[in-house]
Each structure stands twice: as structure tokens, then as C-alpha cells.
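Q: Got a minute to walk through a structure with me? I'd like to go over the sheet, the charged pairs and any odd backbone spots.

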Amino acid sequence: MAAALQILPRLARAPLRPLLLGGPVARLASGMALAEHARQLFESAVGAVLPGPMLHRALSLDLDSGQLKVRDRSFQLRQNLYLVGFGKAVLGMAAAAEELLGQHLVQGVISVPKGIRAAMERAGKQEMLLKPHSRVQVFEGAEDNLPDRDALRAALAIRQLAEGLTADDLLLVFISGGGSALLPAPIPPITLEEKQTLTKLLAARGATIQELNTIRKALSQLKGGGLAQAAYPAQVVSLILSDVVGDPVEVIASGPTVASVHSVQDCLHILNRYGLRAALPRSVKTVLARADSDPHGPHSCGHVLNVIIGSNALALAEAQRQAEALGYRAVVLSTAIQGNVKSVAQFYGLLARVAGAHLTPPRAGTFMEEDEQLHELAAKLQLPDLQLKEALEAVAGTGSPVCLLAGGEPTVQLQGSGKGGRNQELALRVGAELGQWPLGPIDVLFLSGGTDGQDGPTEAAGAWVMPELASQATAEGLDVATFLAHNDSHTFFSRFRGGAHLLHTGLTGTNVMDAHILFLWPR
């Protein structure tokens with residue numbers, strides 16, 4: 001798993017040993033150890049959800065009978081297998097599928113991020129690349145994860161392949177993070193530019209991924225079950241790498257193989273919420289009005305098998321195993337971290353203080369107010385799977401190093417024109433929170449990284465911070481508050497300590513949202 005990933009420096013996997021140095025030297029040494037361990041755990045999380053291993057866990061082919069088994073379902077192959085896909089992990093999924101399926105695969109079309117093949121070649125990840133003379137046609141597009149003309153051409157090619165299938169055919173659909181941007185096919189007369197502008201406006205005003213996808217589906221030919229409808233009457237098997245909190249198949253990549261349950265009224269409610277209904281282009285109003293009066297109602301997708309083959313939970317479970325092997329008491333807090341990045345940062349700042357107090361019993365009684373604030377903030381964030389009580393009980397009085405893991409996808413409300421991504425902004429905000437109050441005799445480190453290796457329109461996956469960040473930044477002439485006010489986290493981390501706190505992985509070839517790692521190390 002780790003050998004196949006090769007995105008970070010090889011790090012020692014020996015059990016954690018106590019530091020025997022004293023004073024500031026010990027703090028520096030422990031900080032370096034924590035940073036190395038954080039990178040190692042991030043590597044293990046990503047490695048658990050690489051395309052090849054996931055696909056081989058999900059599919060098996062009996063060469064003698066030609067039976068393709070997907071979980072508990074079997075399909076007979078007889079030169080009737082086709083493949084389409086869209087997303088950041090789809091290139092590696094297609095490469096693994098072609099190797100597994102061989103001559104049974106007749107034709108394929110995939111839509112992947114611009115530059116991903118060159119990036120994989122540079123990184124030496126041959127297992128992520130299709131062989132020469134492949135039967136799978138590759139389109140690259142959606143630069144900076146935004147739909148564009150190249151992605152539109154790919155979407156139309158995918159639609160054409162799907163529409164040509166018969167009842168004797170089987171269509172494999174590979175879906176992963178970034179799939180929405182890579183499958184843009186707006187319903188005429190809506191133009192790609194009009195749909196893109198509306199999506200940008202919604203995202204900039206803080207719309208959730210679920211809200212964005214509801215709008216995308218209503219305006220798309222292929223999303224919201226459109227691709228499955230185009231492929232009918234062929235059998236469709238959709239293998240999905242989830243990049244959405246809770247793994248709802250109808251939301252991931254806007255559910256191209258799942259019948260939409262949203263109405264036009266749902267769309268209008270979202271547009272009203274963000275003050276955009278009055279500014280809609282005439283074309284969008286036309287399509288919404290037409291859908292509202294469709295006598296056929298929603299389409300059925302009874303010919304489709306949708307299977308989740310990878311998720312944030314799977315990635316964090318592997319990181320937890322690695323943390324325990326390194327000597328940490330490790331707990332997965334949540335795989336559903338969402339909400340405004342500012343509130344999430346406050347949550348992690350409070351969590352570090354409260355968990356630190358639980359870790360060192362003589363101080364536990366002095367943090368009752370913070371404990372109440374932490375639980376109140378957790379309730380406001382509405383994290384459905386949060387294991388806060390269990391985590392605090394697990395670390396109570398242990399005196400051992402602790403690793404708290406979480407994942408999800410917070411949102412950033414843009415206020416400035418700086419350069420950054422949600423992981424770098426979250427890390428910077430957490431760093432500022434950690435520096436506001438004394439944390440006692442513990443070292444703390446927080447890392448946030450995107451498992452796809454690209455945080456926003458930057459080359460970094462994320463960043464890591466410690467409580468000393470604000471004071472060290474001030475000494476370098478960098479004001480954290482100013483960078484945050486301009487959403488300019490990447491510029492900050494590029495300048496701070498010469499970029500040493502940035503997490504660089506390159507494109508990983510997978511995507512299951514973000515991983516958050518919080519270390520507490522008693523001195």
C-alpha cells in the first residue's frame with residue numbers, strides 16, 4: 001500500500017519512543033517527530049483508497065466462465081462490456097479495470113483532470129496509467145476543478161457511448177471526486193458558461209456540496225440519473241469512490257446513475273437562500289420551468305447497481321491503525337466534518353485544550369468552561385457521527401501520546417481574493433486558535449490535507465501547524481489575521497518558514513475528501 005503510493009518521504013515506522021532531551025530542544029525534537037508522524041499517517045490514509053487495490057476488492061473475474069462478480073451480483077461477459085468514468089481517481093481505476101478485464105472490454109471513455117497523465121508519468125506511477133493501444137479513450141479537462149470546454153466534450157462522448165448500448169450490454173461506470181466538474185452537459189439552452197457562473201456564485205456564498213449538486217442535477221443532461229437513463233436498457237454497474245460526507249450515492253458527482261429525488265422547488269429554495277433567484281439567466285428559468293411541468297416525473301434507475309468501494313472512513317481507519325502502531329492512543333472522531341471553516345477551526349482549538357486537560361488529570365478541573373463550549377460548538381456543527389465523549393474518555397489520564405483523527409469537507413466563505421484552499425485555511429485558522437491560550441505541558445500539532453493532493457487552485461495538499469505559529473509568523477513579519485482576511489493561506493504558508501509547513505504530495509490519483517490529524521504529546 002505505502003510502497004505503491006510513493007507520495008511522501010519514507011518515514012520510520014518504529015514504535016514511538018520518549019524524548020530524553022530537556023527544555024526547548026525537546027520541544028523542537030518532539031515537534032519534528034509529530035510532523036513526520038502526521039505526514040506518515042496522511043500517506044497511509046491515502047494509500048488505503050488508491051484506485052487499483054479498491055477495484056480489485058470490488059471486482060473479480062472468473063476467466064473460465066466469463067462471470068464478472070461485483071459484491072454478491074454476477075454478470076455474464078461476452079464481448080459486451082463498456083466503460084465510462086469521470087473523476088480524479090478514474091484514470092487509475094480504468095487502468096486497473098483494463099488489466100483485470102482484458103479482451104472483455106470493448107470500449108471506454110473517461111474524463112479526468114487536466115495534466116493528470118503527465119503528473120503520474122513524472123511521479124513514476126505506471127500503475128495509474130493506461131497501456132499503449134488502450135481501448136479506453138481519455139479526455140482531460142476541468143482545470144482547477146472547474147468545468148470547461150474540454151470536460152464538456154468528454155461528457156458528450158460519454159453520453160454518445162451510453163446511448164448506443166443495448167439490453168445485452170453491461171456498462172461499468174467509475175465515479176470519484178471531481179466527477180461533477182468533469183461531466184458538464186447543461187440542458188440546452190443553458191450554456192456551460194451560464195451554469196459555471198451560477199455554480200461559482202453559489203460556492204462563493206457558502207453553499208454546501210449537497211446544495212451545489214442539487215442545482216447541477218436540475219440543469220444537467222447526465223447528472224441526477226441522466227447517464228443511467230441514457231444507457232437504458234443496458235445493465236449499469238457504478239463503482240463509486242466517495243468524496244461526500246455520509247457517502248450518499250445520489251450526491252456524489254451529482255448522482256449520474258441515481259434517480260434524482262429533488263424537485264424544482266428544492267432548487268428555487270436554494271437559490272432564494274443565497275439571494276440568486278432574481279439574477280438567474282433566462283435559459284436557467286426556461287429549463288426549471290420545463291422540468292416543473294414534465295408529465296413523466298422522475299426517471300427510475302432499476303437497471304443500475306451502485307456500489308461504494310472507497311470512502312473517508314476507510315482512509316481514516318487505516319490512519320488509525322498506523323497511529324496505534326506508532327504508539328499513539330488513536331481515536332477517529334468523525335468522518336463528517338463540515339460547516340464553516342472558521343467554526344471548525346474553533347472546534348479543533350477548543351478540542352486541543354480540553355483533550356489536553358483530560359490527558360493530564362491535575363489540570364482537568366480548570367477547563368470545565370471550555371468543555372461546555374466545546375460540546376456546544378459540536379452541537380452547532382451538527383456532526384452526525386461525532387465520537388467526542390468517547391474520545392475524551394479514551395485519553396483521560398493516560399499520559400500517553402494521543403492522535404485524534406477526523407475527515408470531511410468544511411466550506412470557506414470567500415471574502416478576499418487571495419490564493420488558498422480549505423485545508424490550508426483550516427490549518428492556518430487552527431494555528432491561530434492554538435496560539436491564543438496556554439495549552440499546558442503538551443505539544444500539539446494539527447494537519448489538514450486533501451486526499452487528492454490538491455487543495456484549491458494550489459500545488460499543495462494542505463498544511464500543518466503548531467501553537468507557536470502566530471508568534472513565529474510575527475517574528476517573520478507575517479500577520480496571520482491579514483492573510484486570513486484575504487483568504488490567502490497559501491501565500492502565508494509559502495512564505496512562512498520557507499514553505500516548510502506545506503504538505504506537498506502531488507496528485508495522488510484518488511479522492512475521499514480531507515483528512516484532519518490532531519496530535520497531543522505530553523512533555
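What follows is a chat about this predicted model.

Q: Let's start with the sheet. In what order do the six strands come, and is the pairing parallel or antiparallel?

A: The order is β6-β5-β4-β7-β8-β9, and the pairing is parallel. The six strands make an open sheet.

Q: Which strands sit at the edges?

A: Those are β6 (136-141) and β9 (304-310), and each of them pairs on one side only.

Q: And how much are neighbouring strands turned against each other?

A: On average it's 15°, with direction ignored.

Q: Zoom in on β4 and β7 for me. How many bridges do they share?

A: Six bridges, in the parallel sense. For a concrete pair to look up, Leu83 has Leu172 in β7 as its bridge partner.

Q: What does α4 touch when it packs on the sheet?

A: α4 touches β4, β5 (105-113), β6, β7, β8 and β9. Its direction makes about 165° with that of β5.

Q: What about α6, which strands does that one lie across?

A: α6 lies across β4, β5, β6 and β7. Relative to β5, α6 runs at about 155°.

Q: OK, switching to charges. How many salt bridges are there?

A: The count comes to 14. Take Lys88 and Asp452 as one of them: their closest N and O atoms are 2.5 Å apart.

Q: Where do Lys88 and Asp452 sit along the chain?

A: Lys88 is in the loop between β4 (81-86) and α4 (90-101), while Asp452 is in the loop between β12 (442-450) and β13 (462-465). That puts them 364 residues apart, so the pair links distant parts of the chain.

Q: Are those two buried or exposed?

A: Lys88 is buried, and Asp452 is buried too.

Q: Got another one? What does Arg149 pair with?

A: Arg149 forms a salt bridge with Glu193, with 2.9 Å between the closest N and O atoms. Arg149 is in helix α6 (residues 149-163) and Glu193 is in helix α7, and this pair also links distant parts of the chain, 44 residues apart.

Q: How accessible are Arg149 and Glu193?

A: Arg149 has 43% relative accessibility, which counts as partly exposed. Glu193 is partly exposed as well, with a relative accessible area of 39%.

Q: Why do they get called partly exposed rather than buried or exposed?

A: Buried means under 20% and exposed means over 50%, so anything in between is partly exposed.

Q: Makes sense. What does Glu476 meet in a salt bridge?

A: The side chain of Glu476 meets that of Arg497, at 3.4 Å from N to O. Glu476 is in the loop between α17 (469-475) and α18 (480-485), and Arg497 is in the loop between α19 and β14, so the pair ties together parts that are 21 residues apart in sequence. Glu476 is partly exposed at 35% relative accessible area, and Arg497 is partly exposed at 43%.

Q: Which residues are linked in a network of salt bridges?

A: Glu409, Arg422 and Asp514 are linked that way.

Q: Does the record say anything about that end of the chain? What does UniProt place at residues 402-514?

A: The UniProt entry, which is unreviewed, places the feature "domain: MOFRL" there. In the model, residues 402-514 are 29% helix and 20% strand, and the end C-alpha atoms are 20 Å apart.

Q: Last topic, backbone oddities. Which residues does a cis peptide bond join?

A: One cis peptide bond joins Pro188 and Pro189, with omega about 10°. Pro189 is in the loop between β7 (170-175) and α7 (192-204). Another cis bond runs from Tyr232 to Pro233, with omega near 15°. Pro233 lies in the loop between α9 (226-231) and β8 (235-241).

Q: And what's up with the phi of Ala253?

A: Phi of Ala253 is near 55°, a positive value in a residue other than glycine. Ala253 is in the loop between β8 and α10 (264-273), and it's buried, with a relative accessible area of 7%.

Q: Back to Arg497 for a second. What is its phi?

A: Positive, about 55°, although Arg497 is not a glycine. Its loop runs between α19 (489-495) and β14 (502-503).

Key: Residues are numbered from 1 along each chain as its sequence is written. This is a predicted model: local features need pLDDT of at least 70, side-chain atom pairs count only at pLDDT 80 or more; totals for chains, interfaces and linings use all residues. Side-chain values use heavy atoms; hydrogens and water are left out. Helices (H or I, at least four residues) and strands (E, at least two) are DSSP runs, numbered from the N terminus. Buried means under 20% relative accessible area, exposed over 50%, partly exposed in between (1.4 Å probe, protein chains only). A salt bridge is a side-chain nitrogen of Lys or Arg within 4 Å of a carboxyl oxygen of Asp or Glu. UniProt positions are given in the numbering used here, feature names are shortened, and annotations may be inferred rather than shown by experiment. Two strands pair if DSSP finds at least two bridges between them. Axes are lines fitted to C-alpha atoms, for helices over the stretch in contact, and angles run from 0 to 180 degrees between N-to-C directions. Contact means heavy atoms within 4.5 Å.
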